[in-house]
Amino acid sequence: MSIWEYANPKKFMQTSAWALPWLTGLSVLCLIAGLIWGFFFTPDDYKQGSTVKIIYLHVPSAMMAINAWVMMLVASLIWLVRRHHVSALAARAAAPIGLTFTAIALVTGALWGQPMWGTWWAWDPRLTSFLILALFYLGYIALWQAIDDPDTAADLTSVLCMVGSVFALLSRYAVNFWNQGLHQGASLSLDKEENVSDVFWFPLLVCIAGFVLLFVTLVLMRTRTEIRARRLQALLARERLA
Amino acid sequence: MIALLIRDLRLAFRAGGGFGLGLAFFLLVAVLVPLGVGPEGATLAKIAPGILWVGALLACLLSLDRIFALDFEDGSLDLLATSPIPLEGVVAIKALAHWVVTGLALTLVAPVLAVLMNLPVDGYLWLVVSLAAGTPALSVIGAFGAALTVGVKRGGLLLSLLVLPLYVPTLIFGAEVVKRGALGLQVGTPLLLLAGITAGSLALLPFAAAAAIRVNLR
């Protein structure tokens, strides 16, 4: 038994078909439980009132926006090193999901920022680097769509993903240098004394789990679609030859 | 390698090579921005570092697709790939030729445009220094983008979408050097970071670009 068995598309399809209903159910359960708990059964913050509850959407989607890119980076590396097609397709499948999470984080942040900071948008380092992250996602998706040959596209997007990761990190520190922040600091770290209060922390944890499961579910679904599309193309090509 | 550099430079300077287009574009930016925001000297002086850097960046972007596309179409890129020079070296030389034609030229004319933009006198030296230190990074990052999109027909827009996010750190540090220089502040930190980005890009990106070209020539 090794993890590379799942690089076989057939094995991957079997396993993911078995796992998908469970993952879907779990993520829906976590999201419903976490959001209802967060929205209706937590107290209002003494300063922010009920607007604080947007963290149950904002924080998990922001986390997953970054994690999706990391997952794409790992999948791209696996493709470059071991040439497993499922890996390249999974990276391709994850990109639009990551872009959507980035958009959710930006929009919920703007909705919260309007009443709290008095502005929809500020050129704060975190906000700016998320906007830049969205541009990286757009470029990556555009490159996938521009190239017809699937292997060439997978190679080139993998190289772009690697170089892009370095520059995305550089940009993160560059914008830190460029402007002072309005955004509050990290308050969920494991190694800090002062964090967000437990009343908000537990429902948030459930929501984060829900978003992680949702991401895995969506990536599996989209990867299955990509594999089927690839098979369909192969069938059509065979028919044309016959 | 020197022969290749001379060939690329000659191609760029001869008719239709695009030399001068970037400079003209840079000049147009410096003329159009005051027309757009108004002639007040104080406003212009405030935005001058940013506008000049953004202008240089866009002027650089204009000629990027020429780095590999023409050679790819007429087959010379295949010859270069099979020549005894490593492909990484070819990429570096082509980025260097692109830099001489755009980055170096922009650096030299930048003080003239800084007059148009009413940049404070203290900023002139730092404008030239920051452009000299930062534009090589623009060329080599651009060469990487051009290598990725060399197989794409009409890839110009895609190239901009890929390359512009990669330009963010260079732009931030470059404009910061000029801004601080114009105000008479210390410029050491952003200048070193800018030079660091240039050095790192020069060292590593030719390998990524050569890998992308190999994939495209497959």
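Select chain A to begin, where you will find 6 helices and 0 strands, a helix being a DSSP run of H or I with at least four residues and a strand a run of E with at least two, each numbered from the N terminus. Read from the N terminus on, the elements of chain A run α-α-α-α-α-α.

What you have open is a predicted model, in which local features need pLDDT of at least 70, side-chain atom pairs count only at pLDDT 80 or more, and totals for chains, interfaces and linings use all residues. Residues are numbered from 1 along each chain as its sequence is written, while chains are lettered from A and ligands numbered from 1 in the order in which they are written.

**Colour by confidence**

Colour the model by pLDDT, the predictor's confidence in each residue on a scale from 0 to 100. Chain A averages 87, and 93% of its residues score at least 70; for chain B the mean pLDDT is 87, with 98% of the residues reaching 70 or more. Within chain A, select helix H5 (residues 150-178), which has the lowest mean pLDDT among the elements of that chain (89), and then H2(A), which has the highest (92). For the complex, the predictor gives an ipTM of 0.87 and a pTM of 0.89.

**Chain A in outline**

Stay with chain A and turn it along its principal axes, where the C-alpha trace spans about 70 × 40 × 30 Å. Of its 242 residues, 38% count as buried, a residue being buried if 20 or more other C-beta atoms, placed from the backbone, lie within 10 Å of its own, exposed if 12 or fewer do, and partly exposed in between. Contacts are counted where two C-beta atoms, placed from the backbone, lie within 7 Å, and among those in chain A with a separation of 6 or more, residues 24 or more positions apart account for 78%.

Next, select Val59(A), which lies in helix H2 (residues 55-82) of chain A. Val59(A) is buried, because 20 other C-beta atoms lie within 10 Å. Add Phe130(A) to the selection and draw a C-alpha to C-alpha distance: the two residues are 71 apart in sequence and 13 Å apart in space.

Then move to Arg83(A), in the loop between H2 and helix H3 (85-117) of chain A. Arg83(A) has a positive phi of about 55° although it is not a glycine, and it is partly exposed, with 13 other C-beta atoms within 10 Å. Most residues other than glycine have a negative phi.

**Chain B in outline**

Switch to chain B, which has 10 helices and 0 strands. Its radius of gyration, taken over C-alpha atoms, is 18 Å, close to the 17 Å that the globule rule gives for 218 residues, so chain B is as compact as a globular protein of that length; the rule is 2.2 Å times the number of residues to the power 0.38. Its C-alpha atoms fill a box of roughly 55 × 35 × 30 Å along the principal axes, and 51% of the 218 residues count as buried.

Select Asn118(B), in the loop between helix H6 (87-116) and H7 of chain B; this residue also is not a glycine, yet has a positive phi of about 60°. Asn118(B) is partly exposed, with 17 other C-beta atoms within 10 Å.

**The side of chain B that touches chain A**

Now show both chains and select the residues in contact between them, which are 22 in chain B and 21 in chain A. On the side of chain B, the elements giving two or more residues are helix H7 (123-148), helix H8 (156-166), H9 and helix H10 (188-217), and H10(B) gives the most, with 6 residues. By class, this side has 17 nonpolar, 3 polar and 2 charged residues, where Ala, Val, Leu, Ile, Met, Phe, Trp, Tyr, Cys and Pro count as nonpolar, Asp, Glu, Lys and Arg as charged, and the others, Gly among them, as polar.

For a last stop, select H8(B), in which Leu158(B), Leu159(B), Leu161(B), Leu162(B), Val163(B), Pro165(B) and Leu166(B) are buried. What covers these buried residues includes helix H4 (125-146) and H5 of chain A, together with H3, H7 and H9 of chain B.
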